[in-house]
Amino acid sequence: QVQLVESGGGLVRNGDSLRLSCAASGRSFSSYTMGWFRQPPGNEREFVAGTNWNGAHTRYADSVKGRFTISRDNPNNTVYLHMNSLKPEDSAVYYCAADAKYYSGYVEARLHEYDYWGQGTQVTVSS
């Protein structure tokens with residue numbers, strides 16, 4: 001069992017930066033693919049970024065490529081989402097998720113492939 005707790009959300013202005021953190025419990029964190037998803041108001045949850053177990057493979061949604069960076073700190077059971085050049089359309093609840101397939105070299109973008117989810121953190125970007 002893995003528990004995920006996101007933090008770092010808030011209210012920022014257009015063009016600002018923000019770093020989200022996801023702290024994980026459980027000894028298997030370092031073997032899991034980790035992903036960030038977001039859900040804007042009235043819309044479906046969507047994939048944002050993901051990293052495989054050792055950070056060698058990452059994947060990004062087209063809408064955030066070049067602006068967002070995902071990274072992980074396995075010894076400290078934490079995954080980060082560094083968000084630069086934020087836009088109002090980035091406003092959403094951001095969720096951290098774990099894909100519990102051990103040592104996968106592939107980063108899934110499909111929600112149903114992820115086994116564990118955090119409670120989410122709100123990011124609001126004002127224009």
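D99, K101, E108, R110 and E113 are linked in a network of salt bridges. Keep in mind that the model is predicted. We can start with this charged group and then move inward.

Take R110. This residue forms a salt bridge with E108, and the closest N and O atoms are 3.2 Å apart. R110 also meets E113 through their side chains, in a salt bridge of 3.4 Å from N to O. So R110 has E108 as one partner and E113 as another.

Are these three residues buried or exposed? R110 has a relative accessibility of 44%. Buried would need under 20%, and exposed would need over 50%. R110 therefore counts as partly exposed. E108 stands at 10%, so E108 counts as buried. E113 stands at 17%, so E113 counts as buried too. A partly exposed arginine thus bridges to two glutamates, E108 and E113, that are buried.

Now look at another pair. The side chains of K65 and D62 meet in a salt bridge, with 3.2 Å from N to O. Both K65 and D62 are exposed. In total, the model has eight salt bridges.

Next comes the nonpolar interior. In soluble globular proteins, nonpolar side chains tend to be buried together. Here the largest nonpolar core holds 28 residues. Which of them touch the most other members? They are L4, M34, W36, L81, M83 and Y94. Several strands supply this core. The elements that give two or more residues to it are β3 (18–24), β4 (33–39), β5 (46–51), β7 (68–73), β8 (78–83), β9 (92–99) and β11 (121–126). Another core lies apart from this one. That core has six residues, among them F37, A97, A109 and Y114.

Focus on L81, one of the core residues named above. Set aside its neighbours within four places in sequence. What is L81 then in contact with? The list is L18, R19, L20, W36, V48, A49, F68, T69, I70 and Y94. Two of these names, W36 and Y94, also appear among the residues that touch the most other core members.

How are the strands arranged? Four of them form an open sheet in the order β1-β3-β8-β7, with antiparallel pairing. The edge strands are β1 (4–7) and β7, and each pairs on one side only. From one strand to the next, the twist averages 15°. Inside this sheet, β3 and β8 pair in the antiparallel sense over six bridges. L20 stands opposite L81 in β8. L20 is also in the contact list of L81.

Stay with strand β3 for a moment. S21 is found there. Is S21 buried or exposed? Its relative accessible area is 15%, so S21 is buried. Leaving aside neighbours within four places in sequence, S21 is in contact with V5, E6, S7, W36, T78, V79 and Y80. W36 shows up here, just as W36 does in the contacts of L81.

A second serine makes a useful last stop. Where is S104? This residue is found in the loop between β9 and β10 (116–117). At 16% relative accessibility, S104 counts as buried, because the cut-off for buried is under 20%. Beyond neighbours within four places in sequence, S104 is in contact with S31, T33, N52 and W53. So a serine in a strand, S21, is buried, and a serine in a loop, S104, is buried as well.

Methods:
Residues are numbered from 1 along each chain as its sequence is written. This is a predicted model: local features need pLDDT of at least 70, side-chain atom pairs count only at pLDDT 80 or more; totals for chains, interfaces and linings use all residues. Side-chain values use heavy atoms; hydrogens and water are left out. A salt bridge is a side-chain nitrogen of Lys or Arg within 4 Å of a carboxyl oxygen of Asp or Glu. Buried means under 20% relative accessible area, exposed over 50%, partly exposed in between (1.4 Å probe, protein chains only). A nonpolar core is a set of buried Ala, Val, Leu, Ile, Met, Phe, Trp, Tyr and Cys residues joined through side-chain atoms within 4.5 Å. Helices (H or I, at least four residues) and strands (E, at least two) are DSSP runs, numbered from the N terminus. Contact means heavy atoms within 4.5 Å. Two strands pair if DSSP finds at least two bridges between them. Axes are lines fitted to C-alpha atoms, for helices over the stretch in contact, and angles run from 0 to 180 degrees between N-to-C directions.
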